[in-house]
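Trainee: Could you walk me through this model, one feature after another? I would like the general idea each time, and then the case at hand.

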Amino acid sequence: MVAELELEPLFGGLRRFPDVEADNLQAYDATDRLLLETAVDYLRPETRMAVIGDRYGALTLGALVGNGVGHVRVNQDLYTGRLALQHNAEAAGLQGLFSAHELGKELLAGANLVLMQLPKSLAELEENADAVARYAAPDAVLLAGGRVKHMSLGMNGVLERYFSSVQPQLARRKSRVLVASNPKPVSTDPPYPVVEQLPELGITVCAHGAAFSGARLDIGTRYLLTFLDRMPEVRRMVDLGCGTGILATMFARHQPTAGVVATDQSAAAVASAMATAAANGLGDRVSVIHDDAMSTFDPGSADLVLLNPPFHLGASVHAGAALKMFQAAARVLAPGGELWTVYNSHLQYRPSLERLIGPTVEEGRNPKFTVTRSRRG
Ligand SMILES: C[S@@+](CC[C@H](N)C(=O)[O-])C[C@H]1O[C@@H](n2cnc3c(N)ncnc32)[C@H](O)[C@@H]1O
């Protein structure tokens, strides 16, 4: 039986800002609470805690407040999540009590208790599990929690490849924790990034576990790439929401004099896009920036933006994510600059593109996708 923790004052003040905020979107969930409650049973006189996949700081700050650990090392994939943690820490007066790291040795060396929000994809879980087994203390315990409706037996299977013991706990408030301990020896090379050839494009693609569509070519992206010849010759191109960086890499190859920037909110995507550009000899041509919807880009600093927008926000379908990207393109495009977008034809994006960017024409349509060109007025 896990202890109930008094987390209300902290959780009540948590915000998602600068991520989208709405009445039905919360900055913490029952899994955060359950992970922190479960952690109580695994605290030791010298707990060295690491957190993986903290959304907005509930786990990191909750561990400081509720578990009484003196310091937490944390890894977050999303740019907005990192900012939200900073803001929430300031609001709670908990700055300086945690340090942020990329997934790897710095995050995990010597850690003996690791809290993790289970990621959506098994590939991301595998990369996380490998990192814990590889770098954390030999007696480390990993508490991996999720909403029961999003959990699958495949997750236990992945953890069992990296830990000798994986014990599912009883579900509480529709969340469940898997307790993984006794890390197994790992292979010499980490399994990620996956490196694969894409013969149809003649490039190599590198993908970390959390990268969209892995090392495969998304079919929308494939369609957008058939328009490369029709795009204007430019000085400054941005691959917005770059994922593994296929659009940036193909564009850099197609227009050898263009400056190419790839950007994504996901650190895993950023690392993948850097690796993809480098694997194709374009590491010095493609700069990759971790950012939320180009928030750090100067207005008018791009002549061309390519976009295969997301249509999921967390587990729910939400057009807001794509609209946010259109707004960002409107700000960052120079007058006369162009946004080329590919999207599922049933999504009625054209009026939003007209309104937010400017005159928009359909450049092509196949049975599934539409490609539009929007010109910034
Ligand atoms: C449909 S995927 C496309 C990936 C890649 N361009 C491709 O074509 O394979 C959308 C990408 O947008 C990224 N993304 C979503 N919202 C974003 C935001 N606000 N700022 C930056 N990137 C974002 C996601 O992380 C994801 O990598």
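Mentor: We will go through the sheets, the ligand site and some backbone details in turn. This is a predicted model, where local features need pLDDT of at least 70 and side-chain atom pairs count only at pLDDT 80 or more, while totals for chains, interfaces and linings use all residues. Residues are numbered from 1 along each chain as its sequence is written, and side-chain values use heavy atoms, with hydrogens and water left out.

Trainee: Let's start with strands. In what order do the strands of the sheet that holds strand 3 and strand 6 lie, and which strands are its edges?

Mentor: Helices (H or I, at least four residues) and strands (E, at least two) are DSSP runs numbered from the N terminus, and two strands pair if DSSP finds at least two bridges between them. Here seven strands make an open sheet of mixed pairing, ordered 3-2-1-4-5-7-6. Strand 3 (98-100) and strand 6 (163-168) are the edge strands, each pairing on one side only. From one strand to the next, the twist averages 20°.

Trainee: How does strand 6 run relative to strand 7, parallel or antiparallel?

Mentor: Strand 6 and strand 7 (residues 175-183) run antiparallel and are joined by five bridges. Within that pair, Val166 stands opposite Ala180 of strand 7. Helix 7 (residues 153-162) packs on this sheet and touches strand 5 (141-147), strand 6 and strand 7; contact means heavy atoms within 4.5 Å. The direction of helix 7 makes about 150° with that of strand 6. For such angles, axes are lines fitted to C-alpha atoms, for helices over the stretch in contact, and the values run from 0 to 180 degrees between N-to-C directions.

Trainee: What is the order of the sheet that contains strand 10?

Mentor: That open sheet has seven strands in the order 12-11-10-13-16-18-17, again with mixed pairing. Strand 12 (286-290) and strand 17 (360-365) each have a single partner strand, so one side of each lacks a neighbour in the sheet. Ignoring direction, neighbouring strands are turned by 20° against each other on average.

Trainee: How many bridges join strand 10 to strand 11?

Mentor: Five bridges join strand 10 (residues 236-240) to strand 11 (residues 259-264), and the two run parallel. Asp239 stands opposite Ala262 in strand 11. Helix 10 (residues 267-279) packs on the sheet, touching strand 11 and strand 12, and its direction makes about 170° with that of strand 12.

Trainee: Which residues come nearest to the ligand?

Mentor: A residue is near a molecule if one of its heavy atoms lies within 4 Å of it. Of the 15 residues around the ligand, Thr221, Gly241, Asp264, Asp292 and Ala293 come nearest. A polar contact is a pair of N or O atoms within 3.5 Å. A polar side-chain atom of Thr221 lies 2.5 Å from a ligand oxygen atom, and a backbone N or O atom of Gln265 lies 3.1 Å from a ligand nitrogen atom.

Trainee: And the backbone: what should I look for?

Mentor: Most residues other than glycine have a negative phi, and most peptide bonds are trans. The peptide bond from Phe17 to Pro18 is cis, with omega near 5°, and Pro18 lies in the loop between helix 1 (8-13) and helix 2 (30-39). Another cis peptide bond joins Tyr192 and Pro193, with omega about 5°. Arg173 has a positive phi, near 45°, and sits in the loop between strand 6 and strand 7.

Terms used. A polar contact is a pair of N or O atoms within 3.5 Å; within protein, one must be able to donate a hydrogen and the other to accept it, and residues adjacent in sequence count only if both atoms are side-chain atoms.
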